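Student: I'd like a close look at one part of this protein, please. Could you walk me through how one of its helices packs against its partners, and then what surrounds that region?

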Amino acid sequence: MTISREDWEKRLAEVRINKDDLNKLIMNYLVIEGYKAAAEKFSIESGLAPAVDLASIEDRMNIRNAIQSGNVEAAIEKVNDLDPDILDTNPRLFFHLQQQKLIELIRDGRINDAIDFAQEELAPRGEENPEFLEELERTMALLAFEDTMRSPVGDLLDYSQRQKTASELNAAILTAQCQEKDPKLPSLLKMLVWAQNQLDERMSFPKVKNLITAELDSADMSVTL
């Protein structure tokens, strides 16, 4: 069975979506991801009040920015000022923050400091948890390569590693504040891709080939998302 682009677009146009639901979806994303200024502007334009105090977003973003700039110590201090229980009750998160600090020491070429820090702060935790030990060994492997960025563990020095640590910390703060830790929008996009793949097994139809622009392909074209 094949559905033409014209027929598909007609069917899509017949779908009615509540504007308030869309506004809530957007606000949910802005708040959780920490776009305070955008959330404030969107609140004014949409007339939708955010479910949380927007001042709390600024605290999270200051912490996130510290991680993303490589200042892990400042991030830890800010978290403890915000709520010391966050790190006290989450040993995996605290280890990952310490691991990130070790990565930053290696990035800065402070090799002796990195070795001392690993032995004093991370090794004892690695002895208690095999998972931590494996991550520590992988991080220390950075010292074995002259060109660390091209090494098998060079991904640890990528900006994405900082992002990963910052996102984990952001989620922990949100959980401590009894807020949702994951925005709904990415989950809906994943559901869209899954639904298209399921439907593709039964018929040919215009698929969304670009999740940013929502551009459709023709029904007779094969696209992998």
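Tutor: Happy to. Let's start with H7 and H10, whose axes come within 10 Å and cross at roughly 155°. Angles over 145 degrees count as roughly antiparallel, so H7 and H10 are roughly antiparallel to each other. In passing H10, H7 makes a left-handed crossing. On the H7 side the contact is made by Arg-92, Leu-93, His-96, Leu-97, Gln-100, Ile-103, Glu-104 and Arg-107, and H10 answers with Gln-161, Arg-162, Thr-165, Glu-168, Leu-169 and Ala-172. Please keep in mind throughout that this is a predicted model.

H7 also has a partner in helix H8, residues 111–128. Here the axes come within 9 Å and the crossing angle is roughly 165°, which makes H7 roughly antiparallel to H8. The crossing of H7 past H8 is left-handed. From H7, the residues that meet H8 are Phe-94, Phe-95, Gln-98, Gln-99, Lys-101, Leu-102, Leu-105 and Ile-106. In H8 they meet Asp-113, Ala-114, Phe-117, Ala-118, Glu-121, Leu-122 and Arg-125.

Now for the nonpolar residues around this region. The largest nonpolar core has 17 residues, and those touching the most other members are Ile-67, Val-79, Ile-86, Leu-87, Leu-93, Leu-97 and Leu-169. Five helices each supply at least two residues of this core: H4 (55–68), H5 (72–82), H6 (85–88), H7 (91–107) and H10 (159–176). The largest share, 5 residues, comes from H5. Apart from this core lies another, of 15 residues, including Ala-118, Leu-136, Leu-142 and Val-153. Ala-118 is also one of the H8 residues that meet H7.

Ile-86 is a handy residue to click on in the largest core. Leaving aside its neighbours within four places in sequence, Ile-86 is in contact with Val-79, Leu-93, Ala-172, Ile-173 and Ala-176. Two of those names may look familiar: Leu-93 of H7 and Ala-172 of H10 take part in the contact between these helices.

As for annotation, an unreviewed UniProt entry lists residues 56–113 as "domain: CTLH". Over those residues the chain is 83% helix and 0% strand, with the end C-alpha atoms 34 Å apart.

If you follow the chain on past H10, you come to Cys-178, in the loop between H10 and helix H11 (184–200). Most residues other than glycine have a negative phi. Cys-178 is not a glycine, yet has a positive phi of about 60°. Cys-178 is exposed, with a relative accessible area of 74%.

H11 then leads us to Leu-199, which has its place in that helix. Leu-199 counts as partly exposed, at 26% relative accessibility. Not counting residues up to four places away in sequence, Leu-199 touches Trp-8 and Phe-205.

Trp-8 makes a good last stop, back in helix H1, residues 5–13. With a relative accessible area of 17%, Trp-8 is buried, because the cut-off for that term is under 20%. Outside the residues up to four places away in sequence, Trp-8 touches Ile-3, Leu-199, Phe-205, Pro-206 and Leu-216. For a sense of scale, Trp-8 and Leu-185 are 177 residues apart in sequence and 23 Å apart in space, C-alpha to C-alpha.

Technical notes. Residues are numbered from 1 along each chain as its sequence is written. This is a predicted model: local features need pLDDT of at least 70, side-chain atom pairs count only at pLDDT 80 or more; totals for chains, interfaces and linings use all residues. Side-chain values use heavy atoms; hydrogens and water are left out. A nonpolar core is a set of buried Ala, Val, Leu, Ile, Met, Phe, Trp, Tyr and Cys residues joined through side-chain atoms within 4.5 Å. Buried means under 20% relative accessible area, exposed over 50%, partly exposed in between (1.4 Å probe, protein chains only). Helices (H or I, at least four residues) and strands (E, at least two) are DSSP runs, numbered from the N terminus. Contact means heavy atoms within 4.5 Å. UniProt positions are given in the numbering used here, feature names are shortened, and annotations may be inferred rather than shown by experiment. Axes are lines fitted to C-alpha atoms, for helices over the stretch in contact, and angles run from 0 to 180 degrees between N-to-C directions. Angles under 35 degrees count as roughly parallel, over 145 as roughly antiparallel, 65 to 115 as roughly perpendicular and the rest as oblique. A crossing is left-handed if the near helix is turned anticlockwise from the far one by less than a right angle, and right-handed if clockwise.
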